[in-house]
Amino acid sequence: VLFAPVGSGKYYIHIVQVNKTSLALIPKLGLQYMPMPKWSVGLTISKPINFGGTGTGKVTHHKTNASNEPVTPNGTFSNDMETMELGNLFHDSPEVISLSLGCAYFMNKMFLLTVQYDLHLSEESYSEFPIRTTQNWTLGAEYYFLDWLAARGALFSNNSKTFEVDPSKTNQAPFVNMLGTSLGLSMYRSGTSLTVS
């Protein structure tokens, strides 16, 4: 951080290291229904349940003087920098409900098309990691060249659960919405399978 560049022009260094471990169980309930021989519809619902964890951190930054400006450095750590240990940091995972609705169409013995919609509800009560309601989608296909050789491909969204960055606020989580693709090749035998994607 450039500190008062018009004045002293000194640089203020601020380093944060965080180590968090979350323990949770994510039960998932699923239903599948085939209204017609070539159509399959599936629905899943899940919700994480936190069981504990730990969160610790360490902040290392330039020492400041009585005027809250960085001290004049002399090259020794004890003069220039100071470290604070942080304990009892936020470590839980947001316990949001997630729903997925998917549909598959078996065009023939060799070709399958799929579409899926995912909904993740919001959890704004987590002050350190508030998340918004998020929607994602996936389009996929599977083709069997032979009984033991298949190719799979997909196009999908990967939208951020965080809130859009507000220029008037500080210390915000990154907000990045993405599109993705995947391509894989699978080989099958009676007792095993191998997939490269």
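## A walk through the pocket, the strands and one salt bridge

Let's start with a pocket: the second largest one here has a volume of about 250 Å³. Keep in mind as you click around that this is a predicted model.

**Stop 1: the pocket.** Select Pro48, Val96, Ser98, His120 and Lys161; of the 15 residues lining the second largest pocket, these lie nearest its centre. Now colour β3 (39-46) and β6, the elements that each give two or more residues to that lining. Which element gives the largest share? That's β6, with three residues. If you colour the lining by class, you'll find seven nonpolar, six polar and two charged residues.

**Stop 2: along β6 and into β7.** Stay with β6 and select residues 98-106, then add β7, residues 111-120. The two strands run antiparallel and are joined by nine bridges. Look at what lies between them: four residues, making β6 and β7 a hairpin. For a spot to zoom in on, pick Cys103 and find Val115 of β7 standing opposite.

**Stop 3: from β7 to β8.** Next, add residues 134-146, which is strand β8. How many bridges join β7 to β8? There are 10, and this pair runs antiparallel too. Click on Gln116, and you'll see Thr138 of β8 standing opposite.

**Stop 4: the salt bridge.** Side chains of opposite charge can pair when their charged atoms come close. A search of the whole structure turns up one salt bridge. To see it, show the side chains of Arg152 and Glu142, which meet at 2.6 Å, N to O. Arg152 sits in strand β9 (residues 149-158) and Glu142 in strand β8, 10 residues apart, so the pair links distant parts of the chain.

Switch on the surface for a moment. Is Glu142 buried or exposed? Glu142 counts as buried because its relative accessibility is 13%, under the 20% cut-off. Arg152, at a relative accessible area of 32%, is partly exposed.

**Stop 5: the open sheet.** Finally, select β1, β4 and β5. These three strands form an open sheet in the order β1-β4-β5, with antiparallel pairing. Which strands are at the edges? They are β1 (14-25) and β5 (81-86), each pairing on one side only. Neighbouring strands in this sheet are turned by 10 degrees against each other on average, direction ignored.

Zoom in on β4, residues 49-62, which pairs with β5 in the antiparallel sense over six bridges. Your last click is Lys58, with Glu85 of β5 standing opposite.

Notes
Residues numbered from 1 in each chain as written. Predicted model: local features only at pLDDT ≥ 70, side-chain atom pairs only at ≥ 80, totals over all residues. Heavy atoms only, no water. Pairing = 2+ DSSP bridges. 1 Å grid on protein atoms, 1.4 Å probe; cavity = no way out; pocket = protein on both sides within 12 Å on 5 of 7 lines; lining within 4 Å. Points joined across faces, edges and corners; volume = space filled by probe spheres on them. Nonpolar A, V, L, I, M, F, W, Y, C, P; charged D, E, K, R; others polar. Salt bridge = Lys/Arg side-chain N within 4 Å of Asp/Glu carboxyl O. Buried < 20%, exposed > 50% of the residue type's maximum accessible area, 1.4 Å probe, protein only. Axes fitted to C-alpha atoms, helices over the stretch in contact; angles between N-to-C directions.
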